[in-house]
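Reader: Hi! I'm in my first year and still learning how to read protein models. Could you take one part of this one and walk me through it slowly?

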Amino acid sequence: MNAGKCSAVLSNRELFDHADGGLTTEDNMVLLCAYHHTLIHNTEWQVNIHNGLA
């Protein structure tokens, strides 16, 4: 993660898209800064869950 590009403003992001069958639940959400939210939509960057932590 490139922490130098992170902002203090966070937004919710579904880990598994609703269009792909993901549910809009807390278990399927992660908080991302605008920079990393953009990476998810425009690159191969992804969030991985290990032992319940992103």
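Which residues does R13 touch, not counting residues up to four places away in sequence?

Author: Happy to help! One thing to keep in mind from the start is that this is a predicted model. The mean pLDDT of the protein is 80, and 89% of its residues reach 70 or more.

Let's set the scene before we zoom in. The protein contains 1 helix and 2 strands, and they come in the order β-β-α along the sequence. Strand 1 covers residues 10-14 and has the lowest confidence, with a mean of 80, while helix 1, residues 34-42, has the highest, at 87. Of the 54 residues, 22% count as buried.

Now to your residue. R13 sits in strand 1. Leaving aside residues up to four places away in sequence, R13 touches N28, M29, V30, L32, H37, I40 and H41. Some of those names belong to other elements: strand 2 spans 29-33, and H37 is part of helix 1. Is R13 itself buried or exposed? R13 has a relative accessible area of 11%, and buried means under 20%, so R13 counts as buried.

Next, let's follow one of those contacts, H37, over to the helix. H37 is buried too, with a relative accessible area of 18%. Besides R13, H37 touches S11, N12 and L32, again not counting residues up to four places away in sequence. With S11 there is something extra to look for: a polar contact of 2.8 Å joins the two side chains.

H37 also has company within its own helix. The buried residues of helix 1 are H36, H37, L39 and I40. Looking down the helix axis, you would find these buried residues within an arc of 155°, so they line one face of the helix. If you wonder how residues that are not adjacent can share a direction, here is the general idea: an α-helix has 3.6 residues a turn, so residues three or four places apart point the same way.

What covers that buried face? The cover includes strand 1 and strand 2. On the face turned away from the buried side, helix 1 carries the exposed residues H41 and N42. You have met H41 already, as one of the residues that R13 touches.

To finish, step back to the protein overall. Among contacts between residues at least 6 apart in sequence, 34% join residues at least 24 apart. As for the outside, the protein exposes about 4,400 Å², and carbon and sulfur atoms supply 53% of that area.

Notes:
Residues numbered from 1 in each chain as written. Heavy atoms only, no water. pLDDT = per-residue confidence, 0-100. Helix = DSSP H or I, 4+ residues; strand = E, 2+ residues; numbered from the N terminus. Buried < 20%, exposed > 50% of the residue type's maximum accessible area, 1.4 Å probe, protein only. Contact = heavy atoms within 4.5 Å. Areas by Shrake-Rupley, 256 points an atom, 1.4 Å probe, with all protein chains shown as cover. Arc of directions from axis to C-beta. Polar contact = N/O pair within 3.5 Å; in protein donor to acceptor, adjacent residues only side chain to side chain.
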